[in-house]
Amino acid sequence: RFRQFRIGKIVDEMNKRKEFIIPFVGLKLGKHQFEYQINNSFFEIFDFSEFEKSNIKVNVVLEKKANLLELDFKHKGTVQVPCDLTGEEFDLPIKGKIKLIVRFGETFNNDNEELLILPFGEFELDIAQYI
């Protein structure tokens, strides 16, 4: 019974992640924009439940070049968290940006948070963990 539940949960998580997979092989060279609206169901994919509520807009600009991909992530929104002093929930504004370079090599490597190496022949990129 537990195994059946676990498999169902894994399939559900895979479906939730699907919208964050970019099939870059079919994209033309140049810039491509993606927009995501993030709420608590996104954080559940990663078993993260620190926020009572979340409402975050994420803009991703992917620039496809001949031998690499450049991604610029910008996020802005609010997360509802408990106040350290009173324990009352409040909306904490958040804002930020990151840049990610994707190169191609012999083996997968994500040791560097600003550089991702995908194996030659890969055709899609899961950006969920970078959001």
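Two strands are taken to pair if DSSP finds at least two bridges between them. In this predicted model, the bridge partner of G105 in strand β7 is P119. A further bridge partner in β7 is L115, which is matched with I101. Strand β5, residues 89-105, pairs with β7 over five bridges, and the sense of this pairing is parallel.

Strand β7 also pairs with β6, which covers residues 109-112. Here the sense is antiparallel, and the strands share two bridges. N112 stands opposite L115 of β7. The connection from β6 to β7 is a hairpin through two residues. Strands of a sheet pair through backbone hydrogen bonds, either parallel or antiparallel.

These pairings belong to an open sheet of six strands, with the order β2-β3-β4-β5-β7-β6 and mixed pairing. The edges of the sheet are formed by β2, residues 30-38, and by β6, each of which pairs on one side only. From one strand to the next, the twist averages 20 degrees.

In a regular strand the side chains alternate between the two faces of the sheet. Strand β7, residues 115-119, shows this alternation. L116 and L118 point to one face and are buried. L115, I117 and P119 point to the other face and are not buried. L115, the partner of I101, is therefore among the residues of β7 that do not reach the cut-off for burial, which is under 20% relative accessible area.

Strand β3, residues 54-64, contains S54. The relative accessibility of S54 is 11%, so this residue counts as buried. The side chain of S54 makes a polar contact of 2.6 Å with the side chain of N40. Leaving aside residues up to four places away in sequence, S54 touches I38, N39, N40, F43, T78 and V79.

F43, one of the residues that S54 touches, is itself buried, as is F42. A pair of aromatic rings is described by the distance of the centres and the angle of the planes. Aromatic rings count as a pair if their centres lie within 6.5 Å, and by this rule there are five aromatic pairs. In the pair of F42 and F43, the ring centres are 5.4 Å apart and the planes stand at 80 degrees, so the arrangement is edge-to-face. Ring pairs also link F42 and F43 with F20 and Y36 into a cluster.

Conventions: Residues numbered from 1 in each chain as written. Predicted model: local features only at pLDDT ≥ 70, side-chain atom pairs only at ≥ 80, totals over all residues. Heavy atoms only, no water. Phe/Tyr/Trp six-rings, centres within 6.5 Å; stacked < 30°, edge-to-face > 60°. Buried < 20%, exposed > 50% of the residue type's maximum accessible area, 1.4 Å probe, protein only. Helix = DSSP H or I, 4+ residues; strand = E, 2+ residues; numbered from the N terminus. Axes fitted to C-alpha atoms, helices over the stretch in contact; angles between N-to-C directions. Polar contact = N/O pair within 3.5 Å; in protein donor to acceptor, adjacent residues only side chain to side chain. Contact = heavy atoms within 4.5 Å.
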